[in-house]
Structure formats: structure tokens, C-alpha cells
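Colleague: Hi, do you have a minute to go through this model with me? I have a few quick questions.
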Amino acid sequence: MTDRRAPTVSIGDGERTPFASDARGVSNVVGYVLIFSLVTITIGTVFAVGITGLEDRQAAERIANVERAFDVFDDNVRDVQRYGDPSRSTEIRLSGGAITLTEPTAVELRNASGGLVGRSLDSRSLTYTSGDTTIAYENGAWFRGDGTGAVMRSEPRFVAADGRTTLPIVRLYPLGEETVEQEGTVQIVVERSSRPRLVETADASADDGPFDLWIESPYAEAWERYFVRTDGFSVNTDATDTANDTVVAHLNHSDRVFVADDAVNVRLLR
């Protein structure tokens, strides 16, 4: 009986190729390299994206912690302002940022002829900076800024109704160090000032009313939006110049105007 099975080794062409080529080993190596490369790229991509996302989340949480601290600071200032508490303390974790009592800004009440009523009220701003982010408290309000824009996160306690407007202006005075920049925590102590609490009054019939409130501030645009949405105020567009940090609000209830000057001392303790 003839054996018809195929030979296990193929005979090549003469003596030059005694055996036929077998690419199975090369295919296994190529497959292994491709799979290893795919796994490596996948792990690298997940690692890079994950680390970036984690860093962004940590940065956002640091800023959120500072915002919560400014909420507490705002409440503490109001306690000193309203109830006469001798002092209050707020802790802020800087995480490499800086806290500063910046250069003064000004608040003025002017009459219809543009004349100053009472006196100009100058005040410092308490400002936290980290990269492009700023958080600042000034004149009874605090703001969050990123890049060139800012929003008011806590409004001042201005009240306007029935022909009367009350404007409590909180002025910060630095005692001691004015800038702290570090990784750790800084303690911000607010104290009742020895300066007397003054209340300036303006009578439209006697002082050439109605009146405008002039605010000089790096957050003029945020102040402008506040006056647009708040009853009792309207923006004096002819005098407002936010590009030069000036906003002017017309007082719609200005038969009588009360400007309360609340002075608060601020200490930055490492």
C-alpha cells in the first residue's frame, strides 16, 4: 500500500534552499511587541491624564478652601462691626499663595454738582493671590478673580428704600506685617479700631442732591454689575470708567443718605 502522507519537510529548489521558510516565530515576536507597546502607551496616557486631573482637582480644592475662609473672615468682620466684639480670628491655608493688605481704594459721596459730600473714605483690601486667581475683601464685599475678570461673591450691606439710603463702608487698617507668603497657615485677626465709628449724613434739600457714590477699585466691573442688579441704585454711565477702575452709582433714594464709616484693624500672624 502506497503511503500518501505529505512529507514533514518540504524540499527546496536544488541545494540552495533545502528547507522552506517558517514565519511563525517572527509573527509571535511582532505580536508581542505590538501588545507590549499598546499596553505601555495606554498606561502612560492614563497616568498622564490622571495626574493632570488630580493636580487640577487639588488646585481647585485649595482655592475653594480659601473662599470658605474668606466667608468666615466676612462674618467675623461683621461681628466686630455690628456687635462690637473686641476681636475675631480667621485661619487661611496659603498653600504657596500670598495674602496681602494692598494699596488703598477710595469711596466718595458726591452731590449733583460733582462736589464731595463729607470726606473721602480710603481703605485697604485684603487680597489672596495664587497664579491667576485672586480673592479679595474690600469695603464690605469680597470678590473672586481669574485672569482679567472678577465676580462679587459676597455683597455689601447697602440698603435703599423709602427715600433713604444707608451705606456701611468697612475700612481695613493694617497693623504690623502687610504681606505673608508661605506654604502653611496664616492667622488673620480683626480687631475693633480705636477710631470712632462715624456716620456721615447728607440731606438732598441742603446738599444739592441727588447723590452719586464713587468707588475706585480694581473690581470696578463687579461693583458695576452689583449696582445694575440691586434695587435703589443705577449706574451713572457718563461717569463710570471701569477701564480706569472707577464705577459711579446713582442713589435713587437720596432724600437722606447715611454713610457709616466702620474702621477695623487687621493683623497677619504667621
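Colleague: Which residues have the most contacts inside the largest nonpolar core?
Modeller: Keep in mind that this is a predicted model. Inside that core of 31 residues, Phe158, Trp223 and Phe227 have the most contacts.
Colleague: And which element gives the most to this core?
Modeller: That would be helix α2, with five residues.
Colleague: Back to Phe158, what does Phe158 touch?
Modeller: Leaving out residues up to four places away in sequence, Phe158 touches Thr166, Leu167, Pro168, Ile169, Leu213, Trp223, Tyr226, Phe227 and Phe233.
Colleague: How many residues are in the other core?
Modeller: There are 25, and this core lies apart from the largest one. Ile92, Leu101, Trp142 and Val170 are among them.
Colleague: Switching to the sheet, what is the order of the strands?
Modeller: The order is β8-β7-β6-β5-β2-β11, an open sheet of six strands with antiparallel pairing. At the edges, β8 (149-154) and β11 (179-181) each pair on one side only. Ignoring direction, neighbouring strands are turned by 15° against each other on average.
Colleague: How many bridges join β7 to β8?
Modeller: Five, with β7 covering residues 141-146 and the two strands running antiparallel.
Colleague: Nice, and which residue in β8 does Phe143 stand opposite?
Modeller: Phe143 faces Met152 there.
Colleague: Last one: which strands does α2 touch where it packs on the sheet?
Modeller: Helix α2, residues 220-229, touches β6 (133-138), β7 and β8. The direction of α2 makes about 55° with that of β8.

Terms used. Residues numbered from 1 in each chain as written. Predicted model: local features only at pLDDT ≥ 70, side-chain atom pairs only at ≥ 80, totals over all residues. Heavy atoms only, no water. Pairing = 2+ DSSP bridges. Helix = DSSP H or I, 4+ residues; strand = E, 2+ residues; numbered from the N terminus. Axes fitted to C-alpha atoms, helices over the stretch in contact; angles between N-to-C directions. Contact = heavy atoms within 4.5 Å. Core = buried A, V, L, I, M, F, W, Y, C linked by side-chain atoms within 4.5 Å. Buried < 20%, exposed > 50% of the residue type's maximum accessible area, 1.4 Å probe, protein only.
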